[in-house]
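Here's a set of short exercises to work through with the model open in your viewer. Try each task before you read its solution.

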Amino acid sequence: MAEEKKVLYSAMQATGVLHIGNYYGALRNWIDLCEEYECFYAVADLHALTVRQDPAALRKSARNVLMMFIAAGLDPEKNCIYFQSHVPAHAELSWIMNCFTYMGELNRMTQFKDKSAKHSDNINAGLFTYPVLMASDILLYQTSVVPVGVDQKQHLEITRDIAERFNSIYGDVFTIPEPYFGKAGARIMSLADPTKKMSKSDENPNGCVYVLDDKDTIIRKFKKAVTDSDTQVVYSDTKPGIMNLIDIYRSATGKTVQEVESEFEGRGYGEFKLAVGETVADSMAPVRARFEELSRDKAYVDSIIKTNGERAAYAAGKTLRKVQKKVGLPERIR
Ligand code: TRP
């Protein structure tokens, strides 16, 4: 029998809007991972409830995130792409895991501190136990690897702590997940402030380029990219803006730094920015077209949601039942 593939798990906030940093830095590099791993990608709609949401807007953006996964190239036949809320085991395991997590541990989470400062009028218990739900997401699938950015590293560490604690009491129930540092994409910075990571919460709307931006918008944002007062396209720490543009151009074309430098030797920043903008717009065009096609094909997307949701529920159910049994919950009569 062929050896079973290890599980890779990741999720994205249901309110996320994909930008080129997510795309070049993460998503695009996940496409081939299904050859090596059994991959699960969830749309974390339960996590979204930790801040107040408009119901119609949440429903729409959750579906958009799911379609974006597919549009960006993740094949839903080879990867399990699903809504977290469609698999009740997440909420069920989360309750049990809450009973194996200490207040002190959760109190140390920097994201909780940041978010409670930002939403001081709504510091709800869900915001506090957010990492426990995230741990449950990961542990339910017997996950070996989790591709995470620096901002989620602490949450992966607490996941490991909870899992190890549980295993030390009940035996080997959970696989202990490791961070995934595979083929990393470039770290894309804000066009408005190249010392900060590109983010949808950039105060300057020109700092962040979205995958679904139209061609003119993308080019306009690149034309406004902050650089230095020099004119040479050279990759150097002293030129963070140009470095970032070279990284983006390399990501879009597969060229090396030297190739980019010689291509633009003596041509000035204006021409370079325009070329990067056009190249990025062209590389996003098929993703945008696929997204639009999916938006029009409700029946297809619904069928993916249904079948992948069922696949996820099947895998998650196995772990959940094991946990329920270990902790002493009464057996179900069928
Ligand atoms: N908290 C993650 C974020 O904000 C999203 C997430 C939820 C996640 N569950 C997860 C990421 C499980 C990795 C694994 O980006």
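**Exercise 1.** Which element gives the most to the lining of the second largest pocket? Keep in mind that you're looking at a predicted model.

*Solution.*
- Start with the space itself: the second largest pocket holds about 310 Å³.
- Next, go to the middle. The lining has 17 residues, and Glu 4, Val 7, Glu 38, Tyr 141 and Gln 142 are the closest to the pocket's centre.
- Now sort by element: β1 (6–13), β2 (37–44) and α14 (298–327) are the ones that give two or more residues to this lining.
- Of the contributors, α14 gives the most, with 6 residues.
- To finish, check the chemistry: the lining splits into 6 nonpolar, 4 polar and 7 charged residues.

**Exercise 2.** Take Gln 142 and work out what stands out about its phi.

*Solution.*
- Place the residue: Gln 142 sits in the loop between α8 and β4 (143–146).
- Recall the background: most residues other than glycine have a negative phi.
- Compare: Gln 142 isn't a glycine, yet its phi is positive, at about 55°.
- Check the exposure too. Gln 142 has 22% relative accessibility, so it counts as partly exposed.
- Link back to the pocket: Gln 142 is also among the residues closest to the centre of the second largest pocket.

**Exercise 3.** Find out how many cavities of 30 Å³ or more the structure has, and describe the lining of the largest cavity.

*Solution.*
- The idea behind the search: rolling a probe the size of a water molecule over the atoms shows where empty space is left.
- The count: searching the whole structure turns up 1 cavity of 30 Å³ or more.
- The volume: the largest cavity comes to about 40 Å³.
- The lining: Met 109, Gln 111, Phe 112, Lys 115, Leu 127, Tyr 130, Pro 131 and His 155 surround the largest cavity.
- The elements: α7 (110–118) and α8 (125–140) each contribute at least two of the lining residues.
- The chemistry: 5 of the lining residues are nonpolar, 2 polar and 1 charged.

**Exercise 4.** Is Ser 94 buried or exposed, and is Arg 250 buried or partly exposed? List the contacts of each residue as well.

*Solution.*
- Ser 94 belongs to helix α5 (residues 89–98). Its relative accessibility is 9%, so Ser 94 counts as buried.
- Skip residues up to four places away in sequence, and Ser 94 touches Val 132, Leu 133 and Ser 136.
- Arg 250 is in helix α11 (residues 240–253). With 30% relative accessibility, Arg 250 counts as partly exposed.
- Leaving out neighbours within four places in sequence, Arg 250 contacts Tyr 235, Lys 255, Thr 256, Val 257 and Val 260.
- For the last of those partners, look at the backbone: Arg 250 and Val 260 are 10 residues apart in sequence, with their C-alpha atoms 7.5 Å apart in space.

**Exercise 5.** Describe how domain 1 and domain 2 meet.

*Solution.*
- Set the bounds: domain 1 covers 6–185 + 298–327, and domain 2 covers 215–293.
- Count the participants: 11 residues from domain 1 and 10 residues from domain 2 make the contact.
- Get the separation: the C-alpha centres of the two domains are 33 Å apart.
- Size the interface: about 910 Å² is buried between the domains, and carbon and sulfur atoms give 73% of that.
- Pick out the main contributors: Ile 20, Tyr 24 and Ala 71 supply 55% of the area that domain 1 buries against domain 2, more than any other three residues.

Methods:
Residues numbered from 1 in each chain as written. Predicted model: local features only at pLDDT ≥ 70, side-chain atom pairs only at ≥ 80, totals over all residues. Heavy atoms only, no water. 1 Å grid on protein atoms, 1.4 Å probe; cavity = no way out; pocket = protein on both sides within 12 Å on 5 of 7 lines; lining within 4 Å. Points joined across faces, edges and corners; volume = space filled by probe spheres on them. Helix = DSSP H or I, 4+ residues; strand = E, 2+ residues; numbered from the N terminus. Nonpolar A, V, L, I, M, F, W, Y, C, P; charged D, E, K, R; others polar. Buried < 20%, exposed > 50% of the residue type's maximum accessible area, 1.4 Å probe, protein only. Contact = heavy atoms within 4.5 Å. Domains from an automatic or database assignment. Buried area = accessible area lost by both parts, 1.4 Å probe.
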